[in-house]
Amino acid sequence: MWTAEIVAGRPAWRHVASGVVFREVSGGTFRMGLSEAELAAVRVIERGGGVEDTLEPFFANAGDAQPVREVRVEPFLIARHPLTVAQVQYWLPEYEDDYADVESGTARLEDDLDDLLDALPFRLPSEAEWEYAARAGTTTLTFRGDGRPGEDQVLDDFGDEQRTAAAENAFGLAAMGSANEICADVWIPGFDGAPADARPRTGDGPRAVRGGAADVYPWQGCDEWLLLLAATRYEHAQFTAVRPVAPLPPRR
């Protein structure tokens with residue numbers, strides 16, 4: 001089912017049947033959520049004139065990603081980038097995408113989402129796994145630091161291997177935050193009572209979504225960069241991207 005490879009100079013696992021490349025993420029603990037230090041960093045950006053609109057809605061909704069808490073994450077595999085149109089078509093041959101111009105672009109699923117999730121031999125990441133992977137050991141707004149992220153951090157087409165490799169974080173993952181990526185957790189505002197072992201929160205209702213800066217590209221000057229932040233989360237509606245996860249392959 002899996003073959004070990006080196007992709008962009010890093011170890012990777014390729015799902016043989018579909019060709020989807022996964023990275024192995026080591027386990028560990030991290031501080032999950034929007035910290036006071038991160039809020040202060042956004043204020044610095046605001047005071048420096050780096051915003052186009054008022055950020056008061058962002059600050060008013062900060063509680064949706066709080067309280068910050070320590071979470072333990074077990075090792076897992078996660079796709080190097082969101083599934084592309086071509087990759088989705090491996091499982092759903094009749095799939096057509098209304099949002100992507102090329103088959104190497106991120107697939108955004110609406111009516112086909114449940115069909116894909118039923119067909120995939122993988123699962124969705126929990127929010128904790130997603131944020132742990134996005135942060136890649138950092139505690140800043142994005143894995144690149146506390147500066148305002150720009151459109152150069154948006155990646156929506158993976159046909160250019162050099163560009164994809166250049167966009168990777170320390171875990172070898174590209175485009176974390178670019179597309180809105182659905183998680184296994186049901187949407188619950190805030191983290192009160194959330195598990196400390198990276199399990200998804202279950203229940204009825206829409207799922208939680210992470211990222212989405214490329215979904216509003218070209219940017220219209222509405223502070224879309226906030227969607228690139230590692231802690232940004234919101235409720236799923238309409239289309240979404242899928243970045244599957246899987247258990248580690250057996251050691252031989």
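Is Phe171 buried or partly exposed? With a relative accessibility of 22%, Phe171 counts as partly exposed, because the buried class ends under 20%. This value, like the others discussed here, comes from a predicted model.

Phe171 has an aromatic partner, and the pair offers a suitable point of entry. The rings of Tyr132 and Phe171 form a tilted aromatic pair, with 5.8 Å from centre to centre and 50 degrees between the planes. Tyr132 belongs to helix H5, whereas Phe171 lies in the loop between helix H6 (161–166) and strand E7 (181–186), so the contact ties together parts that are 39 residues apart in sequence. In contrast to the partly exposed Phe171, Tyr132 counts as buried, at 8% relative accessibility.

The search of the whole structure finds 9 aromatic pairs. Among them is the pair of Phe22 and Phe122, which is also tilted: the centres are 4.9 Å apart and the planes stand at 55 degrees. This pair links distant parts of the chain, since Phe22 is in strand E3 (residues 21–25) and Phe122 is in the loop between helix H4 (113–119) and helix H5 (127–135), 100 residues apart. Both rings are in the buried class: Phe22 has a relative accessibility of 0%, and Phe122 has a relative accessible area of 10%. Phe22 and Phe122 also belong to one aromatic cluster, together with Trp2, Tyr90 and Trp91.

Aromatic rings are also found beneath charged side chains. The charged end of Arg43 sits over the ring of Phe59, at 3.5 Å from the ring centre. Arg69 lies over the face of Phe191, with 4.9 Å to the centre of that ring.

The description now turns from side chains to strands. Strands of a sheet pair through backbone hydrogen bonds, in either a parallel or an antiparallel manner. In this structure, an open sheet of 3 strands follows the order E7-E8-E9, and its pairing is antiparallel. Strands E7 and E9 (233–235) form the edges, each pairing on one side only. On average, neighbouring strands of the sheet are turned by 40 degrees against each other, with direction ignored.

How many bridges join strand E8 to E9? Strand E8 (residues 207–210) and E9 run antiparallel and are joined by 3 bridges. At the level of single residues, Val209 has Tyr234 in E9 as its bridge partner.

The sheet also leads back to the opening residue: strand E7 (181–186) bounds one end of the loop that holds Phe171, and E7 is one of the edge strands of the sheet.

How values were computed. Residues numbered from 1 in each chain as written. Predicted model: local features only at pLDDT ≥ 70, side-chain atom pairs only at ≥ 80, totals over all residues. Heavy atoms only, no water. Phe/Tyr/Trp six-rings, centres within 6.5 Å; stacked < 30°, edge-to-face > 60°. Helix = DSSP H or I, 4+ residues; strand = E, 2+ residues; numbered from the N terminus. Buried < 20%, exposed > 50% of the residue type's maximum accessible area, 1.4 Å probe, protein only. Lys NZ or Arg CZ within 6 Å of the ring centre and 35° of its normal. Pairing = 2+ DSSP bridges. Axes fitted to C-alpha atoms, helices over the stretch in contact; angles between N-to-C directions.
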